[in-house]
Amino acid sequence: MTITSLSGAAGMGFVLLAIVINVLYVRAGLPLPTSGQSLDAATDALAGVGKRIAAPSVFAPVSWLFTTLFAAGLLAVLWRGDQVGSNIWALAGFAGVLMQNATFMVVESLRFGATAAARHHRGSVAGLWAFGNVLFGFNQVFLAIAVLGFTAAGASLAFIPAWHAWLGWISAALLFLSSTAAPYNAEGAHRIAVTGLLGWLGWAAWIVVYSIALLNI
């Protein structure tokens, strides 16, 4: 397997893992930032989750490894020594992925803090819940940067078709718009949060298509 094929497989693996992890979280009863639950309901749910949160989180480091390999493969393929403009965009895309990984590591850790607080000190859940919700929302700006950067680089080099580029533009715009509403998500999902979900779905599809392109090199 070539390094580009490995990167493509990593991208596909990330999307699959992301879906599986979120399904496991929902089945475990973990309240997600997009659930729109009240603080009392979220606290009760967090207390009920207990140690069931640990099993899905085992796969989180693997997902971050996959996204890094995927982004590194894209950066290598899109890098052109004499194309300063596309190089800058590709670097921006790579930076967005790294920032997303680092930020979501904090989001994942906050979930453990919130579940522990719900069991032992309910009064401290409010701060952790608000912190996690807002950070989850702000994190979408890094997804937007990743999509925007790699889409601009791929489009300028004619590496991706026009429809794939438009999928990237639209997904990045939706994710960025949703990130601006993060301050209003402290107590649960804001009405504009649906744009973030649509942007995430577009982002996942964008990764799959880019991964296929890497596999075909």
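User: What space lies in the second largest cavity?

Analyst: About 80 Å³. The general idea comes from probing. Rolling a probe the size of a water molecule over the atoms shows where empty space is left. Keep in mind that this model is predicted.

User: Which residues line the second largest cavity?

Analyst: Read the wall residue by residue. T67, F70, V97 and Q100 are part of the lining, together with L143 and A146. W203, W206 and I207 complete the list.

User: Which elements give two or more residues to that lining?

Analyst: Helices α4 (60-78), α5, α7 (140-156) and α9 (193-215) do. The largest share, three residues, comes from α9.

User: What classes of residue make up the lining of the second largest cavity?

Analyst: Seven nonpolar and two polar residues make up this lining, and no charged ones.

User: How many cavities of 30 Å³ or more are there?

Analyst: The count is two. The largest has a volume of about 120 Å³. Helices α5 (84-120) and α6 (125-138) each give two or more residues to its lining.

User: Which residues line the largest cavity?

Analyst: L30, P31, P33 and L46 are on the list. So are V107, L110, R111 and A114. L128, W129, G132 and N133 complete the lining. By class, the residues of this lining are nine nonpolar, two polar and one charged.

User: Now the packing. Which residues touch the most other members of the largest nonpolar core?

Analyst: Look for the residues with many partners inside the core. Here they are L74, F150, W203, W206 and Y210, in a core of 28 residues. Helices α1 (3-28), α4, α5, α7, α8 (162-180) and α9 each give two or more residues to this core. Note the overlap: W203 and W206 also line the second largest cavity.

User: Which residues does Y210 touch, leaving out those up to four places away in sequence?

Analyst: Its partners are F70, L74, L78, F150, G154, F159, I160 and H164. Of these, F70 is also in the lining of the second largest cavity.

User: What does the second, separate core include?

Analyst: This core has 13 residues, among them I21, Y25, L30 and W129. L30 and W129 also line the largest cavity.

User: Last, confidence. Which helix has the lowest mean pLDDT, and which the highest?

Analyst: Start with the whole chain. Its average pLDDT is 90, and 97% of the residues score at least 70. Then go element by element. Helix α2 (residues 39-49) has the lowest mean, 82, while α7 has the highest, 97. L46 of the largest cavity's lining falls within the residue range of α2.

Methods: Residues are numbered from 1 along each chain as its sequence is written. This is a predicted model: local features need pLDDT of at least 70, side-chain atom pairs count only at pLDDT 80 or more; totals for chains, interfaces and linings use all residues. Side-chain values use heavy atoms; hydrogens and water are left out. On a 1 Å grid over the protein atoms alone, a cavity is a set of points where a 1.4 Å probe fits but cannot get out, and a pocket is an open set with protein on both sides within 12 Å along at least five of seven lines; lining residues have an atom within 4 Å of a point. Grid points are joined across faces, edges and corners, and a volume is the space filled by probe spheres set on the points. Helices (H or I, at least four residues) and strands (E, at least two) are DSSP runs, numbered from the N terminus. Ala, Val, Leu, Ile, Met, Phe, Trp, Tyr, Cys and Pro count as nonpolar, Asp, Glu, Lys and Arg as charged, and the others, Gly among them, as polar. pLDDT is the predictor's confidence in each residue, from 0 to 100. A nonpolar core is a set of buried Ala, Val, Leu, Ile, Met, Phe, Trp, Tyr and Cys residues joined through side-chain atoms within 4.5 Å. Buried means under 20% relative accessible area, exposed over 50%, partly exposed in between (1.4 Å probe, protein chains only). Contact means heavy atoms within 4.5 Å.
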